[in-house]
Amino acid sequence: MKNTMIFILFILLFNSNTLYAQTTDFSTLERPLTIAINKTSYPFHFIDENGEPAGLMVDLWRAWAQKQGVEIEFVPLVWEETLQSVVKQDIDIHAGLSRTKAREEIYNLSSSFFFHDRHIFIHRDFVGIDTIEKLSPYTIGVVKGSSHIDTLGKLNPALKLRIYENRYQLYLAALAGEVIAFAGLEKISKNFPQYKKLTNSYPPYKRLRYHRGEYVSAVAKSKNALLAFIEQGFAKIPQQEKSLIETKWLGFDKQTDTLLLAFTPELPPYMFVSHTGKAQGLFIDIWRLWSEQTGKDIEFIAESMSEAVEKIKERTIDIHTAYPESIVTKTGLKATSELYEINSVVYVSRRLPNISSLRELNGRSIGVFETAPYKEMLAKKFPQLKLRFFVHYQQMLLAAETGEIDAMVASSENMLEKLIRNNQQALFYQLDNPNFQSKIYSLVHSENEELAELIKEGFEQLPIDKLVAIEESWLTNKNFSYFQHIKQKASLTEQESAWLFTHSKIRLGVLEHWAPIEFVNEQGQLMGINSDVLKIVSQRTGLQFQITPYETWYQLYQSLLDGKIDMLANATPTIERREKLLFSKAYWDLPWVVLHPRNIGKQLSLESFYGKQIAIVKGYHLVSKIQQEHPNISLKLVDDIEEGILALQSGVVDGFIENLATASELLKRESLLPLMISVVEKINLDKNHFAMRKDWPMLKKILDKGLTTISPVEKQVIYEKWFDVNIETGLNKSVVVRVSTQIGIILFIVIVIIVVWNRRLYVEIKTRKRLEEKMKHMATHDELTGLANRVLLKDRLNTSISFHQRQSLKIAVLFIDLDGFKNINDTYGHDVGDELLVQVADKLKTCVRQSDTVVRFGGDEFVLLLMGLHKNNEASFVAEKVLAVMQQPFKLSAVTVRIGCSIGISMYPDDGITDTDLLKVADTLMYRVKANGKNHYVFNSFQHNHYHI
């Protein structure tokens, strides 16, 4: 009976509360309902620049009040006060906060409005912090009473938190350097007075997401009826209205949390639809990476460009994936930050062979797309061309094939794809110059500024190495790599950028006559190794140099000490010099050598010159070293290399000390006195640095960053360009002719006999020939595998084409990419990856004849060049053999692995008659194999236009 009475009382109580919740009419209140908002919780609730309440939740509460027919009043407070005021019931409702277990015990929390992310904003100068654990050594700023305190404490109790009264105090502390990281929601408050400075120091791409939670409102624990009234009102707001409010403040609809992206499906390799109906391409993969980095779900929808624009205006689609800059303004949509840059080239019909420049086409018809951003520039720069405009690729290709136009300007990559699909690649060839760039942007609704900012912030977060990898997987011509170019740019800090802005020109002192290191040509331009190095540094840092030439090293060095110039090149940082100057990191290594007459033979040490006199340029750091360590050598200090070589030629000195590059240049000069070079032992390589004024440490930092970006390949190109040691006997041909004419043939014969019998001369020549052969081998072969490199590949391919044309024979180019190599390289490290590449190279050599060429093209890409073929199936046999050996296990030092490979095969002359055409077709076909399941090969020729498993 007692239990029955308790049950009845419980039912009555429950019904009473339910009845109260259903019938309480807050619209009859004589006062407005008060809602606590934080002054700085952008974009959810805050006070705007006009002092008015604003934000996503403010707009939602206004819509709620209208549906419920009640008056509301927003009360702006600091964060801790917003929480306490609701607990004390001084304020009716909290506008919005994160759900936590602690808050569930204190408040009555509403249903979730949406999910939101919590982040740690990290200073831009602190690299490598990509997990919460890596923040342990640092102090993180948080706002008093915020959910970050509880959540971060549970995630990592070792974190050191510093608590601030409000968000603006936290921001000021971050700018002052009190903390290097601070906790926040999705964005920094735009109303903070120093917003730009703060976002510069704590950019979006340095943001670390650490938690995703629910966003709710709150009332006091006892106010069940008010909570029910709140839930009732929000249920009345249509989803479309909620979506518009969320899109206004966040750039997207929090309810669906999926962004719809339109893409144009007929633009391979940038964006297209695969055979299985999936969106594919370079731009598609970039957006997938954006989705992965931002945590925002995306969905691709194939649409024509015009249809996509209309649907964005109707808000049924959120973003257009990629749109050319030239017609952005015509759409009426908002362009986000630059997504990409497409390179366009000139394709010439083979009806006009041997065209090397666009001006040679004057008076002829050239096809150009109507939307091309460069069409006005093309018309202005080449007024003699007859430009004909097209809307579609097929129209242009048909006009070119029928002879209506003689050439066409189009995207290098996209046009090549179109030509291959139409089997027209052999009908056209590309000009090396000029190239035209077209910028590509993503588009959003003109009023959706938040989404535009979200896109921009997302792209700023994307790792450049991943973007480069995506680009390499889709592009045929690696020379037009947009992201690789960006990667090579030096990343400057805010302070370095500011210093660069105030120092627009750096005064650089150079030597007028120091070839090939540096010299001034007849046009007054700086040339040589240093010039090429500084051009790269300038491109990648923004440093600009003002050249001041000097005749002697002593004058040049003294001018730097006197402050007449800011920096110079090729300086060695001795202890004495470091007291007066700053030095960059080393950028070039050259050995010291001695130039001397051949008749004294090879000199391997400075001791060979004891009791003799050697010339050396005044001011070289080697002067004091030789004076201290070799006092038995008499040094003649000369002002420049001209004076030094003259002293040697006239017999005043027995030798002349210089670096190897300059000495090799001097050897090329005509001379009646045969000279030779001896590389002197016990003198270290001269590591060349830039020297600069002591009071400019920021210049050193920027310069070092620029030098770091110069790759070994780029150094090799500079080396091959300027350091050309030709092996000579010392008897220059023109000199011999002149001497023969003047003193007679008999004396000339005597000179020849002396040279022939000079055994020491023979030994020296043999040694130098071996050096030259080694240098040539390095220039044409891969260092790791010993295989031919792409330089030798192009040479052999070009050389063999004319022979095969005369003999009516075929050439096969097999472009091979390893399947699964990246995973092995990432898992076990680069040493294991290199070991695998060496074994792959060895196995590939077993698949071909001695007359064929195996090439390491780069990374995990190889090329087989098969000569003297009669039928295409001969290439098939080799491809099948390669597939078989690649599927066998590779026993490496750390692990046994299995890989596969994808092979694209182009045939001469079916697929092209130049090395460029054949390599492009094979490369494109290889990527087609990868897109269709990998581990097989494919031809492009019509009789073999299918896959082989």
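**Notebook: helices, small sheets and two buried residues**

I began with helix 25, where I found Leu660, Ala661, Thr662, Ala663, Ser664, Leu666 and Leu667 buried. Buried means under 20% relative accessible area, exposed over 50%, and partly exposed in between, with a 1.4 Å probe and protein chains only. Helices (H or I, at least four residues) and strands (E, at least two) are DSSP runs, numbered from the N terminus. Helix 25 covers residues 660-667, and seven of its eight residues are buried, so it is largely enclosed by the rest of the structure.

I noted what I was working with. This is a predicted model, in which local features need pLDDT of at least 70 and side-chain atom pairs count only at pLDDT 80 or more, while totals for chains, interfaces and linings use all residues. Residues are numbered from 1 along each chain as its sequence is written, and side-chain values use heavy atoms, with hydrogens and water left out.

**Whole chain**

I looked up the totals next. The protein chain has 35 helices and 46 strands. Of its 949 residues, 52% are buried. Contact means heavy atoms within 4.5 Å. Among contacts between residues at least 6 apart in sequence, 70% join residues at least 24 apart. The chain exposes about 44600 Å², and carbon and sulfur atoms supply 53% of that area; accessible areas come from the Shrake-Rupley method with a 1.4 Å probe, and for residues only the protein chains shown count as cover.

**Helix 33**

I checked the length of helix 33, residues 830-845. The expected span is 1.5 Å times one less than the number of residues. For its 16 residues that gives 22 Å, and the end C-alpha atoms are 23 Å apart, which agrees. Its buried residues are Val832, Gly833, Leu836, Leu837, Val840, Ala841, Lys843 and Leu844.

**Helices 2 and 8**

How do the axes of helix 2 and helix 8 cross? Axes are lines fitted to C-alpha atoms, for helices over the stretch in contact, and angles run from 0 to 180 degrees between N-to-C directions. The axes of helix 2 (residues 56-68) and helix 8 (residues 224-236) come within 8 Å and cross at roughly 95°. That makes helix 2 roughly perpendicular to helix 8, a term for angles of 65 to 115 degrees. Helix 2 makes the contact through Leu60, Trp61, Trp64, Lys67 and Gln68, and helix 8 through residues including Phe229, Ile230 and Phe234.

**Two sheets**

I then turned to strands 2, 3 and 4, which form an open antiparallel sheet in the order 2-3-4. Strands pair if DSSP finds at least two bridges between them. Strand 2 and strand 4 (53-54) are the edges, each pairing on one side only. Strand 3 (residues 45-47) joins strand 4 over two bridges, and Ile47 stands opposite Pro53.

Ser41 is in strand 2 and counts as buried at 9% relative accessibility. Neighbours within four places in sequence aside, I found Ser41 in contact with Phe46 and Trp79.

Strands 26, 27 and 28 form an open antiparallel sheet in the order 26-27-28. Strand 26 (513-514) and strand 28 (526-527) each have a single partner strand, so one side of each is left without a neighbour in the sheet. Trp514 stands opposite Glu518 in strand 27.

**Pro268**

My last entry is Pro268, in the loop between strand 14 (266-267) and strand 15 (271-273). Pro268 is buried, with a relative accessible area of 2%. Beyond four places in sequence, Pro268 is in contact with Glu413, Asn414, Glu417, Lys418 and Arg421. Trp474 is 206 residues from Pro268 in sequence, yet 9.1 Å away in space, C-alpha to C-alpha.

Technical notes: Angles under 35 degrees count as roughly parallel, over 145 as roughly antiparallel, 65 to 115 as roughly perpendicular and the rest as oblique.
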